[in-house]
Amino acid sequence: MTTMPLPHLTPIGTCWCGCARKVGPGSFFAPGHDKVAEAALLAVEYGSSVAQLLHAHGYGPGHSVSTRAVSEGVWQRCSSCDYAGTRASIANHTKRAHSTALTDPV
């Protein structure tokens, strides 16, 4: 997990992207608005550049954020290759990249 303590956040029934749309109990965002907020934050803080975001947090070619995610236990590596991601992402990756049905000719 993250090394810094994160505050407990409580959804308040209004979308956190700033659109003021009402959302259901337990939701922070209207559908898709998490990505809107993410893109807006990336734009205003890092010039819409993921490279700038990574650099600002000390990551880049010599210090992999993916490797850190795996070492912190929030991501894992595929057992068949070097792909890294969440458990669900690994499952999808394995079906697409390592399924014998996809690679074996009929």
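## Burial and contacts of H33

In this predicted model, H33 is buried, its relative accessible area being 14%, and the residue is found in helix α1. Leaving aside residues up to four places away in sequence, H33 touches C15, C17, C19 and R21. One of these partners, C15, is likewise assigned to the buried class, since C15 has a relative accessibility of 5%, which falls under the 20% limit for that class.

## Cysteines without disulfides

How many disulfides does the cysteine rule give? The count comes to zero, and the distances around individual cysteines show why, given that a disulfide requires two cysteine sulfur atoms within 2.5 Å. For C15, the closest cysteine sulfur is that of C17, and because the separation is 3.6 Å, the two are too far apart for a bond. C78 is also in no disulfide, the nearest cysteine sulfur being that of C81 at 3.8 Å.

As for solvent exposure, C78 is buried with a relative accessible area of 6%, while C15 is buried with a relative accessibility of 5%.

## The aromatic pair

The structure holds one aromatic pair, formed by the rings of W16 and F28, whose centres are 5.0 Å apart. The planes of these two rings stand at 85°, so the arrangement is classed as edge-to-face, the threshold for that class being an angle over 60 degrees. Both W16 and F28 belong to the segment before α1, and the two residues are twelve residues apart along the chain.

Are the members of this pair buried, partly exposed or exposed? W16 is partly exposed, with a relative accessible area of 39%, and F28 is also partly exposed, with a relative accessible area of 25%.

## Positive phi outside glycine

Most residues other than glycine have a negative phi. Against that background, which backbone angle does A20 adopt? A20 has a positive phi of about 70° although it is not a glycine, and A20 lies in the segment before α1, the helix that spans 33-46. The relative accessible area of A20 is 52%, so the residue is exposed, the class beginning over 50%.

S48 likewise carries a positive phi, in this case of about 60°, without being a glycine. S48 is placed in the loop between α1 and α2, the latter helix covering 50-56. With a relative accessibility of 49%, S48 counts as partly exposed, because exposed residues need a value over 50%.

Note on methods:
Residues are numbered from 1 along each chain as its sequence is written. This is a predicted model: local features need pLDDT of at least 70, side-chain atom pairs count only at pLDDT 80 or more; totals for chains, interfaces and linings use all residues. Side-chain values use heavy atoms; hydrogens and water are left out. Helices (H or I, at least four residues) and strands (E, at least two) are DSSP runs, numbered from the N terminus. Buried means under 20% relative accessible area, exposed over 50%, partly exposed in between (1.4 Å probe, protein chains only). Contact means heavy atoms within 4.5 Å. Rings of Phe, Tyr and Trp (its six-membered ring) pair if their centres lie within 6.5 Å; planes under 30 degrees apart count as stacked, over 60 as edge-to-face and the rest as tilted.
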